[in-house]
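Ready for a walk through a protein? Open your viewer, switch to a cartoon view and keep the selection tool at hand.

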Amino acid sequence: MKTGKALTILLLVLLIFLTAVGIWFGTKICSMDYNSSVYRESVQELNNPYIGWYEIYGYCLSDDESFDASQLPVNPGPGLVLLQINLRNYARSPVSSAGLEHLNAILDAWQSTGRQLILRFLYDWDGSARETEPDTLSLLLTHMSQTAEIVNAYEDCIYILQGIFVGNWGEMHGSDYMTETDMLTLAGHLSSVTAPGIFLSVRTPEQWRAVTASPTPLSPENAFDGSLAARLGLFNDGMLGSETDLGTYGAADAPPSLLGKRPRQEELLFQESLCRYVPNGGETVGNDPCSDLLPAVEDLARSHVSYLNSAYDENVFSKWREQIWQGADPFDGMNGYDYISRHLGYRYCVRSSALTFSPPWSETACFSAVLENVGFSNSYRNFRVSLVLRHAKSGADYVYSFPTDTRFWDSGTEILLETSFPVQDLPPGTYELFLEINDPVSGQPVLLANEGSDDENGCRLGSLTIGRNLLKEALRRIRRQSL
């Protein structure tokens with residue numbers, strides 16, 4: 001009797017356990033069906049922040065002039081703008097309060113346009129810097145400190161400070177202040193008084209090595225660490241003008257050098273590493289064979305050029321428009337100017353995506369996407385990258401972040417993105433999935449290079465259907481009725 005009773009109790013306990021396990025399994029099981037989009041690379045030019053063609057506007061600070069927003073160009077154009085701020089009226093004295101108010105009004109007006117600004121402070125527009133620059137280094141340093149107080153207030157829209165205030169056209173040549181000692185003093189002071197989120201830049205790789213006292217470029221380990229070296233990019237205003245880029249590089253037979261000028265191919269190799277982590281841009285010059293389409297694309301890509309002057313040099317632009325890109329890509333048959341326009345800076349294209357879900361052991365689905373950066377350069381600002389699930393019926397968005405640092409999305413490479421989301425917390429139904437990238441500094445969206453992508457939704461990744469869990473729904477109804 002006792003044995004039979006014990007067996008009955010054991011069977012009852014086992015039945016209860018199996019029922020509980022069954023209910024648990026039942027509440028965990030729901031159907032999921034993910035259909036990936038077909039990803040086609042777009043050939044459209046993308047108006048993304050911090051890259052592309054820039055326009056130049058010059059202002060001479062003065063006690064006698066004021067500035068208001070009505071003085072802005074009617075159509076300043078998209079993207080980057082280079083503002084040249086001439087300080088020649090203060091070559092013998094500190095910038096007056098009226099001059100600083102003038103600077104503030106200029107930056108305030110341009111901030112309202114939503115453009116990203118490149119600034120170059122200078123004393124010369126005529127190639128005669130020695131005649132217009134201050135007589136003392138101390139006054140130069142004072143000007144840097146004074147203007148930095150205004151500049152730092154606009155850190156959200158000022159992207160780069162070009163140069164160290166001196167040289168013909170502010171290009172760091174033709175000045176009495178280009179000795180190594182003075183250059184180190186000026187660059188170090190400018191770095192110390194300006195906001196760390198603003199990039200700085202010098203004219204040549206040789207100057208970069210001199211200022212940083214390093215013969216080697218940045219590495220991933222010290223990139224973006226806030227140091228002067230990690231903030232210091234390049235602006236090359238002799239780009240593709242000759243074998244030496246008009247003196248930017250050393251001659252082909254230049255002797256080996258740790259910190260001095262090196263031959264073209266060595267300097268391109270140096271920039272290939274350095275400019276993955278700091279911006280590189282400038283303007284093209286002349287009609288040299290170096291600026292023919294194929295060698296130009298090779299050098300622009302290798303040195304990771306992300307921005308160019310839209311007005312200079314028309315001789316180069318005309319040549320590019322006449323030459324045709326031939327490649328095993330969607331751009332085959334496009335004229336060279338348009339091809340280069342579409343590859344300045346970063347350019348992200350989604351290649352594939354997948355979703356995995358293993359109920360009942362896992363309550364989260366794992367989503368992955370593969371992108372490729374087909375542009376010439378990286379981004380030098382870290383963007384926000386999100387997976388958006390939009391419920392087709394309710395329109396509700398469920399947003400999940402991809403843990404990634406877009407500054408390390410190297411040009412010419414593929415990037416794997418992965419994130420997860422709790423399936424059990426999502427209402428059943430059909431969802432449209434989107435990849436969205438946004439710049440938290442400018443507030444602008446980053447368009448992807450896929451057909452159908454837009455600035456409101458990003459790139460459509462595919463559709464997901466989550467089926468109803470009938471047992472779970474039944475238990476919920478019973479619970480509601482009991483209440």
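In what order do the five strands of the open sheet lie? Keep in mind as you look that this is a predicted model. Select the strands and you can read the order as β1-β16-β15-β12-β13, with antiparallel pairing. Strands of a sheet pair through backbone hydrogen bonds, either parallel or antiparallel.

**Stop 1: the edges of the sheet**

Colour residues 32-36, which are β1, and residues 397-401, which are β13. These are the edge strands, and each of them pairs on one side only. Now turn the sheet and look along it: from one strand to the next, the twist averages 25 degrees.

**Stop 2: strand β16 and its neighbours**

Next, select residues 459-466 to light up β16, which is joined to β1 by five bridges. Pick Asp 33 and you will find its bridge partner, Thr 465, in β16. Then try Ser 36, whose bridge partner in β16 is Gly 462.

On to β15, residues 429-438: seven bridges join β15 to β16, and the two run antiparallel. Click on Thr 430 here, and you meet Thr 465 again as the bridge partner in β16.

Is β16 largely enclosed or largely open? Six of its eight residues are buried, so β16 is largely enclosed by the rest of the structure.

**Stop 3: a helix and its packing**

Leave the sheet and select residues 97-111, helix α2. Its 15 residues reach 21 Å from the first C-alpha to the last, close to the 21 Å expected at 1.5 Å a residue. Show the side chains, and look for the buried ones, among them Leu 100, Leu 103, Ile 106 and Trp 110. What do the buried residues of α2 pack against? Add β2 (52-60), β3 (80-86), β4 (116-122), α4 (137-151) and β5 (158-162) to your view, and you have the packing partners.

**Stop 4: the cysteines**

How many disulfides does the structure hold? The count is zero. A disulfide is a covalent bond between the sulfur atoms of two cysteines. Select Cys 459 and Cys 349 to see one case: the sulfur of Cys 459 is 7.7 Å from the closest cysteine sulfur, in Cys 349, which is too far for a bond. Cys 459 counts as buried, because its relative accessibility is 3%. Cys 290 is buried too, at 11% relative accessibility.

**Stop 5: salt bridges**

Side chains of opposite charge can pair when their charged atoms come close. A search of the whole structure finds 17 salt bridges, and here are some to visit.

- Select Glu 267 and Arg 209, whose side chains meet in a salt bridge at 2.9 Å, N to O. Glu 267 lies in helix α8 and Arg 209 in helix α6, so the pair ties together parts that are 58 residues apart in sequence. Glu 267 is buried at 0% relative accessibility, and Arg 209 is buried at 0% as well.
- Select Glu 45 and Arg 342, where the closest N and O atoms are 3.9 Å apart. Glu 45 sits in the loop between β1 and β2, Arg 342 in the loop between α11 and β10, and they are 297 residues apart. Glu 45 is partly exposed at 42%, whereas Arg 342 is buried at 15%.
- Select Glu 314 and Arg 321, a salt bridge with its closest N and O atoms 2.8 Å apart. Glu 314 is partly exposed at 41% relative accessibility, and Arg 321 is partly exposed at 38%.

For a last look, select Glu 41, Arg 351 and Glu 372 together: a network of salt bridges links them.

Notes: Residues numbered from 1 in each chain as written. Predicted model: local features only at pLDDT ≥ 70, side-chain atom pairs only at ≥ 80, totals over all residues. Heavy atoms only, no water. Pairing = 2+ DSSP bridges. Helix = DSSP H or I, 4+ residues; strand = E, 2+ residues; numbered from the N terminus. Axes fitted to C-alpha atoms, helices over the stretch in contact; angles between N-to-C directions. Buried < 20%, exposed > 50% of the residue type's maximum accessible area, 1.4 Å probe, protein only. Expected span 1.5 Å × (residues − 1). Contact = heavy atoms within 4.5 Å. Disulfide = S-S within 2.5 Å. Salt bridge = Lys/Arg side-chain N within 4 Å of Asp/Glu carboxyl O.
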